[in-house]
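Hi everyone, thanks for coming. I'd like to walk you through one model today, so please have a look at it with me.

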Amino acid sequence: MIARLTTAASAAAAAATLLPAVAAAQLVEPAPGRLEIVGLAPNACVVRTPPAASGDNMTFQPQGNAAGQITITETVDSAARPRGGSLNLVVPIVCNSPHRVVLTSRSGGMRRAGQPVAQPGPFAELLPYSVNAMWGPSTSELLTSERSRLVIDSAGARAGGLSLSFAIAPGGQPLVAGTYSDEIVLELQAAN
Amino acid sequence: MALIPAGAAAQSGDLTRDFGVTGSVPGACAIGAPRLAPGAQINFLGLNGSTLQIDQLVDPTTLSTSAASAEVQFPASCAFPHRVRLESQNNGLWQTSERGAQPPDGFGHAVPYRALVQWAAENLRLDADAKIRRIADGSVFVEAEASGDLLLRLEIDPGATNTSANAPLLAGVYGDTLRITLEPLQ
């Protein structure tokens, strides 16, 4: 049972205006004995690959490019009921300006691959989980059974580790046999 | 001063005038406008008027300072022994718009650099260390008259910030103003 974690960081499209004081088309007379030096650090976030981690019945393997794979070692018990598990990931992030952290579950939970079975009976084909995100002083929780997106807004620049705590509750509905997966997309948006 | 031609047919003898001459040598030292020196600049877009623009101030993968260097020439001349003075307005590249009092932990918010002047066989180095935002200056004595091109070289080291090396820089426009003056010693 796998979940893929992918990340994306966007820089604000602020690089177009470099020097507010100097218009490209105008000829500016240079002043004698004087030199102005100017440079722009555009609004941006960078994300690094989280290190490998293991928790209770769950592991994370980095796959480069700030992405990786979360694997549930034993998804169900002998009665096809979820064993549950937990995992904590730390994602290294630097944002040099106000920004937003967005975490999205593509499938709304661990979803069974392939055609839905005709008569599932008491068996489910979707395994819900939760993600608790902590970034600086802010926390937010995502329960896939309720919604598929969480957002954390940061009023200023921040560098550090975004903590993601994944949890699957043990017990509950038994699951139809098959391969279950989800894609969790982490996106950093620097302010414009 | 007009000279009356000697030996005009209608006149007898030379006519001369005495003229008192008063005056001074105006501005014994002068420095002109900057232009790019020949040779490669690294990570600079060029000179626009008096503004030297850095191409990529930060490395997009680390958000810390990228290396940059450039050389600029100023035509200059001085008819007397003189002092060359280099002044930095900010002591480093500082954000032109101040954003809030306390920068967050782990970020740089100013960029140190070196400015090196070569003029008339003398060298002057100013380390704009960006520790405190203030005017920083240095000077060197030139013991003879001189004229030609004054060379100013700027160097920014990779990862250079006013906090720790390789710290990411807060987003914003960073700048400084350098002024060069030649002062005659009389």
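I'll start with how the values were made, then go to the interface, then chain B, and finish with one serine.

This is a predicted model, so local features need pLDDT of at least 70 and side-chain atom pairs count only at pLDDT 80 or more, while totals for chains, interfaces and linings use all residues. Residues are numbered from 1 along each chain as its sequence is written, chains are lettered from A and ligands numbered from 1 in the order in which they are written, and side-chain values use heavy atoms, with hydrogens and water left out.

Now the interface. Taking contact as heavy atoms within 4.5 Å, 29 residues of chain A meet 41 residues of chain B. Together the two chains bury about 2,900 Å², with 62% of that on carbon and sulfur atoms; buried area here is the accessible area (1.4 Å probe) that two parts lose on being put together, summed over both. Gly33(A), Leu35(A) and Ile37(A) supply 26% of the area that chain A buries against chain B, more than any other three residues.

How many salt bridges cross between chain A and chain B? The rule, a side-chain nitrogen of Lys or Arg within 4 Å of a carboxyl oxygen of Asp or Glu, finds 0 across this interface. Polar contacts are another matter: 13 residue pairs, both at pLDDT 80 or more, make one across the interface. That term means N or O atoms within 3.5 Å; within protein, one must be able to donate a hydrogen and the other to accept it, and residues adjacent in sequence count only if both atoms are side-chain atoms.

Strands next, which are DSSP runs of E with at least two residues, numbered from the N terminus. β2(A) gives the most to the side of chain A that touches chain B, with 8 residues. β2(A) also pairs with β13(B), residues 172–184, in the antiparallel sense over 8 bridges; pairing needs at least two DSSP bridges. Within that pairing, Val38(A) has Gly175(B) as its bridge partner.

Chain B itself has 0 helices and 13 strands. Of its 186 residues, 44% are buried, meaning under 20% relative accessible area with a 1.4 Å probe, protein chains only.

Last, our serine. Ser105(A) lies in strand β8 of chain A, residues 99–105, and is buried, with a relative accessible area of 4%. Its side chain reaches the backbone nitrogen of Gly108(A) at 2.8 Å. Further along the sequence, beyond four places away, Ser105(A) touches residues including Tyr129(A) and Asp182(A).

Definitions and conventions: Helices (H or I, at least four residues) and strands (E, at least two) are DSSP runs, numbered from the N terminus. Buried means under 20% relative accessible area, exposed over 50%, partly exposed in between (1.4 Å probe, protein chains only).
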